[in-house]
Amino acid sequence: MKREDIKNYDFSEDILTPERVMEQIRAHDDRMDTDQPYMALAKAAYTTKFWRYVEGTEDMNIAYEMSRVDQIEVNKIKPALTGYLSNLYPRRIKVILSNSPYTTGDSNKAEMLTNDWINQPLMRERIMSASRQALLYKGAGAKVGYDPAGEGLDRVWMRVFPYWEMVLDSDVHDWDDARFYGHVSFKPRQEVIDEYGLSDDIGGTSRDDFLGSYLAGSGQVRDSDAYASSDNSAFVRVLEFCNMVDDFYDTDGTRYKGRLEIYILDEGYDGEVKPVFMGPLPLVDARGNPMPHIVPLIFEHEPEYPYRGIAYADQLMPQQKELNTMRSYMSQAARRDARVYLTPKGALDADAYTDLKAGEDGLIIEVDEQYAGNLANVVVPIRHGPVSANIQQAMSIAELDLDRNTTISPAALGQVTQATASEIVAIEGHTQSEFGRHAEQRDLWLMQIIRLCLAAHTAALYDPGDSEGGDAN
């Protein structure tokens, strides 16, 4: 259903009306603005740009940055996440399927299909990307769909998007009570106009990096610029919204459970904003129930709210900041430990001063006879006190805390132990450990991806695509 048909659509009986959808996206943006500094700090520490973030700008003058040799970073976040991922994600995933009481398909063919699909090299990279983002930030999102014109495994696609683009019902206390799932992102203006049959009067804006814009000292741009026309600036903000509680009534009167809504947020979300497209949810499960094609990956969440994530990197950041600060302080103290001398006025002439500063080996400096027998008072070096042992002790404590909070196996750190393969498997399967619980969340997320994969392959078989009469065969 396009914009012309939606003008007369009756939303009065709906639970999630367009006005309430805009309230949710406004609340989402407020939460992301609050979390943005912490996510930007985590990314800066992961990419060894901690002090760039502290300076408040990513594009510092190169000469100035190179001169700051006293700003030392000890990157502990990246090795911790890399080692964690090497244990969390196995070399090859194997899916095992069996028939259920309400399906009639061939489980062997379905198993072969899903194993080949999920173990494609590019698919593995997408899963690794989602896992890395979910550890570094509070979560990540994945979206599954199908292309009826594709061939073989290419019919079904999956895309990964960052946490700040994922719109979730964060106030519910159980996963099954979620009323919606959404994805908000910037898309090329002209492509959106062509896809949804819109007029050319919608504006465009630049697509800035959500975290990079914070480092540059500028806010995230969300409103449109009517004069933006180039490919670098002609983007519009699009919300893809899976409404799970309201039904969709087609123009012929057909009723569908749930619905897919597309909103264009080119002028913000104030005022009366209606979707530019509405239709049934694209995928259904084996029982015919609609499925959201957006799946969040959240390894750790708040105790009462399953859709409010907790970043694994956040528990490492306090020690990371402490370690960087102490190492930089020691570096500054070492550079201040220069050779400084005291001498009576007139004891050395200009040439003697120059020779003393040069510090050549075997240098002999002549002084006046009045200092004969008392040469120790001619030039007296100023002694610097050593760096306090408390600094080194604080660094050791910070590193120890980091090791305790880094929940990865010794093998990932290159440490040889006597642990057997069966013991490692038992640790991963033990859900009371943090690593075991994260592995369980990984498996639950992959199960949802597989369910969507099967539903998308089935939908692609029934979809005639652009071929007239293709559904006859």
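This is a short talk about how some strands, rings and a helix fit together in one structure.

Hi everyone, and thanks for coming. Before we start, please keep in mind that we are looking at a predicted model.

Let's begin with strand β4, residues 180-188. How many of its nine residues are buried? Seven of them are, so β4 counts as mostly covered. This strand has partners, too. Strand β3, residues 166-168, runs antiparallel to β4, and three bridges join the two. If you would like a place to look, find Met166, which stands opposite His183 in β4. Then there is β5, residues 235-243, which is joined to β4 by nine bridges, again antiparallel. Here, Tyr181 stands opposite Cys242 in β5.

Let's stay with those two residues for a moment. Cys242 has a relative accessible area of 0%, so we call it buried. Tyr181 is at 10%, and that counts as buried as well. The cut-off behind both calls is a relative accessible area under 20%. Cys453 is another cysteine at 0%, so Cys453 is also buried. And how many disulfides does the structure hold? The count is zero.

Now for the rings. Searching the whole structure turns up ten aromatic pairs. One of them brings us back to Tyr181, which pairs with Tyr307. The ring centres are 6.1 Å apart and the planes make 80 degrees, an edge-to-face arrangement. Why does this pair deserve a look on a map of the chain? Tyr181 sits in β4, while Tyr307 sits in the loop between β12 and α10, so the pair ties together parts that are 126 residues apart in sequence. Tyr307, at 7% relative accessibility, counts as buried.

A second pair is made by Tyr196 and Phe277. Their centres lie 6.3 Å apart with the planes at 45 degrees, so this pair is tilted. Tyr196 belongs to helix α8, residues 189-196, and Phe277 to strand β9, residues 277-279, so parts 81 residues apart in sequence are tied together here. Is each partner buried or partly exposed? Tyr196 is buried at 9%, whereas Phe277 is partly exposed at 23%.

Two more ring features are fun to find on screen. Ring pairs link Tyr9, Phe11, Phe248 and Tyr256 into a cluster. And Arg308 lies over the face of Tyr305, 3.8 Å from the ring centre.

Let's finish with a sheet. It is an open sheet of three strands in the order β2-β1-β12, with antiparallel pairing. Which strands are at the edges? They are β2, residues 156-162, and β12, each of which pairs on one side only. On average, neighbouring strands in this sheet are turned by 25 degrees against each other, ignoring direction. Between β1, residues 140-146, and β2 there are seven bridges. In one of the matches, Gly145 has Trp157 in β2 as its bridge partner.

What packs on this sheet? Helix α14, residues 434-462, does, touching β1, β2 and β12. The direction of α14 makes about 20 degrees with that of β1.

One general tip for looking at strands on screen: in a regular strand, side chains alternate between the two faces of the sheet.

So, to recap two stops on our tour: Tyr181 in β4 pairs with Tyr307, and α14 packs on the sheet made of β2, β1 and β12. Thanks for listening!

Definitions and conventions: Residues are numbered from 1 along each chain as its sequence is written. This is a predicted model: local features need pLDDT of at least 70, side-chain atom pairs count only at pLDDT 80 or more; totals for chains, interfaces and linings use all residues. Side-chain values use heavy atoms; hydrogens and water are left out. A disulfide is a pair of cysteine sulfur atoms within 2.5 Å. Buried means under 20% relative accessible area, exposed over 50%, partly exposed in between (1.4 Å probe, protein chains only). Rings of Phe, Tyr and Trp (its six-membered ring) pair if their centres lie within 6.5 Å; planes under 30 degrees apart count as stacked, over 60 as edge-to-face and the rest as tilted. Helices (H or I, at least four residues) and strands (E, at least two) are DSSP runs, numbered from the N terminus. A charge sits over a ring if NZ of Lys or CZ of Arg is within 6 Å of the ring centre and within 35 degrees of the ring normal. Two strands pair if DSSP finds at least two bridges between them. Axes are lines fitted to C-alpha atoms, for helices over the stretch in contact, and angles run from 0 to 180 degrees between N-to-C directions. Contact means heavy atoms within 4.5 Å.
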